[in-house]
Amino acid sequence: MHEAANEAKITAKRLYADIHLRRGSFSLDMLLNSDAARIGILGASGSGKSMTLRSIAGIEDVDSGHIEIDGRLLYDSSQRINIRPQQRNVGYMFQNYALFPTMTVLRNVMSGLRGSRNENREKAQRMLERLGIAELEERLPGELSGGQQQRVALARILVTEPGLILLDEPFSALDGYLRDRMQLEMMGMLEDYDGQIVMVSHSRDELYRFSEELFVIKDGRVLTSGETKSVFRDPGSIEAARLTGCKNFAAVRVISDHRLEADDWGVTLQLERSIPKDTRYIGYRAHYFEPVWGERQQNCISFDLMKVDDLPFEKKYYIRAAQDSGGAADENMICWFVQDDKQKMIDRKGLPDYLRMTEENILLLR
Amino acid sequence: MNDLIEIARELDWSPLIISIKTGVVATIISFFLGLWTARKVIKMDYRTKSVIDGILTLPMVLPPTVAGFILLLIFSRRRPLGVFLNDELDIQVVHTWLGCIVAATVIAFPLMYRNARAAFEQIDANLVHAGRTLGMSETAIFWRIVVPTAGPGIASGTILTFARAMGEYGATSMLAGKIPGKTGTVSQRIAMVIQDGDYLTAGIWVVIVLLIAFAAVFLINIITGRHMKNIKRW
């Protein structure tokens, strides 16, 4: 396992981007302020992720705001400063990599260099060597696989020594296995890079692995932000929780400092921590339910099985709280995902009588 | 058969020289002007674009004689521009070889411009953005990324422009006349000899034109073919 991205890296750098723009009915009002080495932006498609990156790179017109990287001012509407993208020294990896189709790999990598031809060639070749694609030098982009194209795109960016790297859904064009492998590889290739990297994605897995600080966005606004793991632990709002992959939500009433009632799930929860007054929902991740056989314990749901989805290494149970006599609307369906090892126990003992929710996994949401 | 050889031997080749010269010069002018205009036009907002595009395409859809008439109005030595060109710069357009070029360029230019524009519009905007974020100048982006990527479209535009410029008849005959050895192009010559009932000479010229036209198309296809390795077949 590559642990590189999870070790906090020290950068004295800071990205500050306050961006406001309107495009038709869509408006973007984004504030990113982070000194993390690896910054993630999580959002659904159409939430303004790419637009944010494009604004930072200077290839999207911004209405107003202030953009600064590492103390270098790139844009300020009140001072009428708008540095051209050519001078921003920001590396941008496009979703489709945007390799120049008529140039060889080597020419692609050389295209951002300013030196003499021989110097550029040597520098580009060294970079291709470093990324393990030296043998592709004379190929055209159309002859490369998705993974190879991505490496060329990365080489083309790294060779210009940018002050900031932006990765726009870098893995969405790759499929399944390759996607995971490329991410690990890319994290390795970027290990030596000492500037900040911003990656946008709709994949929580990618960003969980990659980023130290995470911004969760929706409709052009930041829903929540913070250290990645703590955002996953405490997303704050139901929208943010949904984006971090939480599947089960229930409306709740706060009864006292330590008790709340979730009618949809037919359960009254007793918590050790004190419950904020403005808690309106709880969220619970599908993998975290614990099967209980026999006696009902605290914070247990009694349920009816609706359907089972059998996957190679996991079973997905779709259930409904037993008390819920209302319609079989899918929204009230609770997902319970069981991995292989636990499944063996269920195969042995039969379906549990109850599902227990553990305190640390209950998300209190607004 | 002997007649044919006799005529071919006696043939005045000047129309061919004039046609090729006119075609080449008009194509070169249209090429750069077309690329430049296409680049400007695609950056315009929708409304201005429609108007400008309409004006630029007009010479292609107008009957060439109408275009020729308008050109004659503009460049006539009895009109301000014609007077200015004649008196101040000593340039005569009407009934000169320059007139051939002007007529051929005006008529053929829209083909270059439209093909270039269509090719530019097909280009993934991210290629241009990538060039910018990599620090490439706008000029470098245009000549090293945009034009090569739009290569096939530009090539076909160039072929069509050359063919059209070389074969131009209507506007040329009005603006430049058909002075033998000066403004008499192949197409003018063909019309002239047919008027005289000399079908044999006309036939020879037709064959020559066919050969040249085919050779030009073939040549450009070969040249661009080498750069189209990366374009996938479907």
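Domain bounds, as used below, come from an automatic or database domain assignment. The structure treated in these exercises is a predicted model.

**Exercise 1. The domains of chain A**

Task. State into which domains chain A is divided, and determine what distance separates their centres.

Solution.
- Step 1. The assignment divides chain A into domain 1, residues 4-236, and domain 2, residues 248-365.
- Step 2. Taken over C-alpha atoms, the centres of domain 1 of chain A and domain 2 of chain A are separated by 38 Å.

**Exercise 2. The nonpolar core**

Task. Describe the largest nonpolar core and explain where this core lies with respect to the domains of chain A.

Solution.
- Step 1. The largest nonpolar core has 140 residues. Those with the most contacts inside this core are A:Val109, A:Ala155, A:Leu166, A:Val198 and B:Ala103.
- Step 2. Helix H6 of chain B, residues 97-121, gives the largest share of this core, 15 residues.
- Step 3. Both domain 1 (4-236) and domain 2 (248-365) of chain A contribute residues, so the core lies between them.
- Step 4. For A:Val198, leaving out residues up to four places away in sequence, the residues touched are A:Leu15, A:Ile39, A:Ile41, A:Leu53, A:Leu166 and A:Leu167.

**Exercise 3. Helix H1 of chain A**

Task. Decide whether helix H1 of chain A is largely enclosed or open, and give the reason.

Solution.
- Step 1. A residue counts as buried if 20 or more other C-beta atoms lie within 10 Å of its own.
- Step 2. The buried residues in H1(A) are A:Lys49, A:Met51, A:Thr52, A:Leu53, A:Arg54, A:Ser55, A:Ile56 and A:Ala57.
- Step 3. Helix H1 of chain A spans residues 49-57, and 8 of its 9 residues are buried; therefore the helix is largely enclosed by the rest of the structure.
- Step 4. Just after H1(A) stands A:Gly58, with a positive phi of about 90°.

**Exercise 4. A sheet of three strands**

Task. Give the strand order of the sheet that contains S13, S14 and S15 of chain A, and explain which strands have one side without a neighbour in the sheet.

Solution.
- Step 1. The 3 strands form an open sheet of chain A in the order S13-S14-S15, with antiparallel pairing.
- Step 2. Strand S13 (253-256) and strand S15 (267-270) of chain A are at the edges; each has a single partner strand, so one side of each lacks a neighbour in the sheet.
- Step 3. From one strand to the next, the twist averages 25°.
- Step 4. Strand S14 of chain A, residues 259-262, pairs with S15(A) over 4 bridges in the antiparallel sense. One of the residues involved is A:Ala262, whose bridge partner in S15(A) is A:Val267.

**Exercise 5. A sheet of five strands and a helix**

Task. Identify the edge strands of the sheet S17-S21-S18-S19-S20 of chain A, and state which helix packs on this sheet.

Solution.
- Step 1. The 5 strands make an open, antiparallel sheet in the order S17-S21-S18-S19-S20 (chain A).
- Step 2. Strand S17 (290-292) and strand S20 (334-339) of chain A are the edge strands, each pairing on one side only.
- Step 3. Direction ignored, neighbouring strands of this sheet are turned by 50° against each other on average.
- Step 4. S17(A) and S21(A) run antiparallel and are joined by 3 bridges. Within S21(A), A:Tyr354 is the bridge partner of A:Val292.
- Step 5. Helix H10 of chain A, residues 340-349, packs on the sheet and touches S17, strand S19 (314-321) and S20 of chain A. The direction of H10 makes about 100° with that of S20(A).

**Exercise 6. The setting of A:Thr358**

Task. Locate A:Thr358 and decide whether this residue is buried or exposed.

Solution.
- Step 1. A:Thr358 belongs to the loop between strand S21 (354-356) and strand S22 (362-365) of chain A.
- Step 2. A residue is exposed if 12 or fewer other C-beta atoms lie within 10 Å of its own. Because A:Thr358 has 11 C-beta neighbours inside 10 Å, this residue counts as exposed.
- Step 3. Neighbours within four places in sequence aside, A:Thr358 is in contact with A:Tyr288 and A:Glu290.

**Exercise 7. Chain B and its contact with chain A**

Task. Summarise the secondary structure of chain B and describe the side of chain B that touches chain A.

Solution.
- Step 1. Chain B has 12 helices and 0 strands. Of its 234 residues, 36% are buried.
- Step 2. The contact takes 20 residues from chain A and 19 residues from chain B.
- Step 3. On the side of chain B that touches chain A, helix H7 (125-133) and helix H8 (138-149) of chain B each supply at least two residues. The largest share, 6 residues, comes from H7(B).
- Step 4. By class, this side of chain B has 6 nonpolar, 9 polar and 4 charged residues.

Note on methods:
Residues numbered from 1 in each chain as written. Chains lettered and ligands numbered in written order. Predicted model: local features only at pLDDT ≥ 70, side-chain atom pairs only at ≥ 80, totals over all residues. Core = buried A, V, L, I, M, F, W, Y, C linked by C-beta atoms within 7 Å. Contact = placed C-beta atoms within 7 Å. Pairing = 2+ DSSP bridges. Axes fitted to C-alpha atoms, helices over the stretch in contact; angles between N-to-C directions. Nonpolar A, V, L, I, M, F, W, Y, C, P; charged D, E, K, R; others polar.
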